[in-house]
Amino acid sequence: MSDAIPEFSKSKSGAKPGDGQDVSLTNLSAFASGPGIKSGKEVAAIIAVAVIIIGGIELALRLFHVPLYIMPPPSSIAYALFDEFPLIAPHLGYTLVELVSGFAIGAVVGLVLAAVITQFPFAEKIVAPYILLLVTTPMLALVPLLILRFGFGYTPRIIAVALAAGPMVMINAATGFRRVDSAKIALARSYGASTLQIFWKIRAPMALPMILVGLMIGAIFGLLTAVGAEMVGGGFGLGNRLTTYSSMIQMPQFFAVVLILSTLGILIYVLFFLIGKKWASWEA
């Protein structure tokens, strides 16, 4: 176990709270001071900007007579979305099953590995090369091999989603576990707290913001991987709808599916933003 009492006289990084190190891709304050809408004026401004942008695109495409197969106007995309939704809805369900199943597996494995390498530094030396390999390898390249082994069902896609989401969760969670204030650990040690108690009572709660960031990034990576695997594997899913519509040059339907995927990504962000604001807003 690695929860040794730290030395207060030494500072490894020399960084002070609030000196700018907390501004990063995984900024913890993003959950607490994010894009919360605070007034009706802000809502009106957001809607007005959206109307101007969408209306401007519609007007420009019609004025310049842009062919439908190159870029359909927003009104055609909206009509295709409502007209084709009964056909698209089952594929949305398939994609959600792959995303939720793969993400759950990847998140659990990632959190367990993060806890292990935090408590046993030697384990990190063994695991780190494989994690780097997973992070740098595009999971879509493995989908054909997984299909050869597991067939064209859910299994290869769920495995690909888990492999894409797990490392993101593990890296962020491990970073959170290690960013715990050493003074708190020292105080707990001085009162006789065990390593397990320190982990559950101090490390895990303090790492919650970073864990949520890792879960959010892992979920978004999982969604991208699920769609890519569907495009490669065919058969069913929103990715399969994309390849089908593009091959038939049905661009309004194609962009309707893109709109659904974009909405899914936004919902993932909003979900973790709200969870972070409720359970981890104290960090900011």
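## Helix α3

α3 bends by about 40° at V127 (the angle between axes fitted to the seven residues ending there and the seven starting there), and a proline, P129, follows within four residues. The 16 residues of helix α3 (residues 121-136) should span 22 Å at 1.5 Å a residue; the end C-alpha atoms are 22 Å apart, which agrees. The expected span is 1.5 Å times one less than the number of residues. Helices are DSSP runs (H or I, at least four residues), numbered from the N terminus.

## Basis

This is a predicted model: local features need pLDDT of at least 70, side-chain atom pairs count only at pLDDT 80 or more, and totals for chains, interfaces and linings use all residues. Residues are numbered from 1 along each chain as its sequence is written, and side-chain values use heavy atoms, with hydrogens and water left out.

## Helices α2 and α5

The axes of α2 (residues 74-119) and α5 (residues 155-178) come within 6 Å. They cross at roughly 35°. Axes are lines fitted to C-alpha atoms, for helices over the stretch in contact, and angles run from 0 to 180 degrees between N-to-C directions. The contact of α2 with α5 holds 18 nonpolar, six polar and three charged residues. Nonpolar means Ala, Val, Leu, Ile, Met, Phe, Trp, Tyr, Cys and Pro; charged means Asp, Glu, Lys and Arg; the others, Gly among them, are polar.

Terms used. Helices (H or I, at least four residues) and strands (E, at least two) are DSSP runs, numbered from the N terminus.
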